[in-house]
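Let's take a walk through a protein together, one stop at a time. Have a look at the sequence and the 3D picture below, and keep them at hand as you read.

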Amino acid sequence: MTPSIISDLSALCLHTITTKPWSIEEAARYYSEAGIRGITVWRETLQGCKVHLTGQMLRDRGLEIVSLSRGGFFASANKVKRRLAIDENRRAIDEARDLGTGMIILVCGADPAQSLHESRKQIHDGIAAILPYASSAGVRLTIEPLHPMFADTRSAINTIRQANDLAESLDSPHVGVAVDVYHLWWDPDLEEEIGRCGRNGNLAAFHISDWKSPTADMLNDRGLMGEGCIPLKQIRSWVEKAGFKGFIEVEIFSNIYWAQDQHAFLQNIISSYRKFA
Ligand code: ZN
């Protein structure tokens, strides 16, 4: 990606969770007015909406709906919960289709009541179970490996190597992998595995933010680009070298930023994206 693409914002996408206090209508209006062209919609923001109308509203604002976040949570020691997760993922696929996006981000799940090995097996089987439904809806299931600090309850897929192994074993154009710098920046195999992900056609999404040092909250203290210790430009160069040409998605969960004026925050996102992405 050339520097001009960074400065003209044409590759910038925002996750609606980043500006959590805004409704989907507010997010659409203010992102669009700021010159942003991509949006990833979190399912929470769709509650009470007619999803196909929301999709149309976003497109009318000139926004491309990059993905729906999120599906997953396949792993559970409880068989009934595993079945309910499959049903919930089918509903997410319906929503993605109605919204008009071809991708769902998967946070794969984990259950501290069982081994990681067992959770990983259930994740594989869960994705395999919904894959035919996703394929017929034209929706790609994109596996997002999560930092190992979330291996107890959120995801037993913790490295890009594991995500690559899983995607390759499922072997479908409707399965992909998301590289989220917040989860993966520490991995000594990152460059090599991003390359492998691209070579095998699985590199589907690229999420950015920063790792603040110290971090005050494991979940909700992500930093703006440039505010922490993630070598963002370096990781972006690996992602581009691997052939990725999609949106650069800003995904920041932050109690601090959510408490601020969201208009000022949006301007900060844009300037830190231009400077540090
Ligand atoms: Zn992410």
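Is Leu9 buried or exposed? Before we answer, keep in mind that this is a predicted model. Leu9 has a relative accessible area of 4%, so this residue counts as buried. You'll find Leu9 in the loop between α1 (3-7) and β1 (12-15). There's something else to spot here: the phi of Leu9 is near 70°, a positive value in a residue other than glycine. Why point that out? Most residues other than glycine have a negative phi, and most peptide bonds are trans.

Leu9 has company in this. Asp171 also isn't a glycine, and its phi is positive too, about 45°. Asp171 sits in the loop between α6 (160-170) and β6 (175-180). Its surroundings are another story: Asp171 is exposed, because its relative accessible area is 65%.

Now for the peptide bonds. The one from Ser69 to Arg70 is cis, with omega near 5°, and Arg70 is part of strand β3. A second cis bond runs from Ser213 to Pro214, where omega is near 0°. Pro214 belongs to the loop between β7 and α9 (232-241).

Next, turn to helix α4. How far apart should the ends of its 21 residues be? At 1.5 Å a residue, helix α4 (residues 79-99) should span 30 Å, and its end C-alpha atoms are indeed 30 Å apart, so the two agree. At the N-terminal end, Asn78 acts as a cap: one of its side-chain oxygens lies 2.7 Å from the backbone nitrogen of Val80. Just past the other end, Gly100 takes a positive phi of about 95°.

Which residues of α4 are buried? They are Ala85, Ile86, Asn89, Ala92, Ile93, Ala96 and Leu99. Look down the helix axis and you'll see them fall within an arc of 145°, which means that they line one face of α4. Among the elements covering these residues are β2 (38-42), α3 (51-60), β3 (64-72), β4 (103-107), α5 (116-137) and β5 (140-143).

Let's zoom in on one residue from that face. Asn89 lies in α4, and it counts as buried because its relative accessibility is 3%. Leaving aside residues up to four places away in sequence, Asn89 touches Gly71, Gly72, Phe74, Leu106 and Ile130.

From Asn89, jump to Asp165 in helix α6. These two are 76 residues apart in sequence and 22 Å apart in space, going from C-alpha to C-alpha. Asp165 has a relative accessible area of 40%, so it is partly exposed. Now hop from Asp165 to Cys197: this pair is 32 residues apart in sequence and 9.5 Å apart in space, again C-alpha to C-alpha. Cys197 is in helix α8 (residues 190-199), and its relative accessibility of 0% is why it counts as buried. Not counting residues up to four places away in sequence, Cys197 touches Ile160, Asn164, Val177, Asn202 and Leu203.

Time to look inside. The largest nonpolar core has 79 residues, and those with the most contacts inside it are Ile127, Ile143, Ile194, Ile208 and Tyr273. Helix α5 gives the most to this core, with six residues. Apart from it lies another core, made of eight residues, including Cys13, Val66, Ile105 and Ala178. Back in the largest core, what does Ile208 touch? Setting aside residues up to four places away in sequence, its contacts are Val181, Met225, Leu232, Ile248, Glu249, Val250, Glu251, Tyr273 and Ala277.

Hold on to Glu251, since our last stop is the metal. Which residues coordinate the zinc ion? The donors come from Glu144, Asp180, His207 and Glu251, at 2.0 to 2.7 Å, and Glu144 is listed with two OE donors. Along the chain, the donors follow the spacing E-x35-D-x26-H-x43-E. The pair of His207 and Glu251 links distant parts of the chain: His207 is in strand β7 (residues 203-208), while Glu251 is in the loop between β8 (248-250) and α10 (255-258), 44 residues apart. Both His207 and Glu251 are buried.

Conventions. Residues numbered from 1 in each chain as written. Predicted model: local features only at pLDDT ≥ 70, side-chain atom pairs only at ≥ 80, totals over all residues. Heavy atoms only, no water. Donors = N, O, S within 2.8 Å, 3.2 Å for Na, K, Ca; no water. Helix = DSSP H or I, 4+ residues; strand = E, 2+ residues; numbered from the N terminus. Buried < 20%, exposed > 50% of the residue type's maximum accessible area, 1.4 Å probe, protein only. Expected span 1.5 Å × (residues − 1). Arc of directions from axis to C-beta. Contact = heavy atoms within 4.5 Å. Polar contact = N/O pair within 3.5 Å; in protein donor to acceptor, adjacent residues only side chain to side chain. Core = buried A, V, L, I, M, F, W, Y, C linked by side-chain atoms within 4.5 Å.
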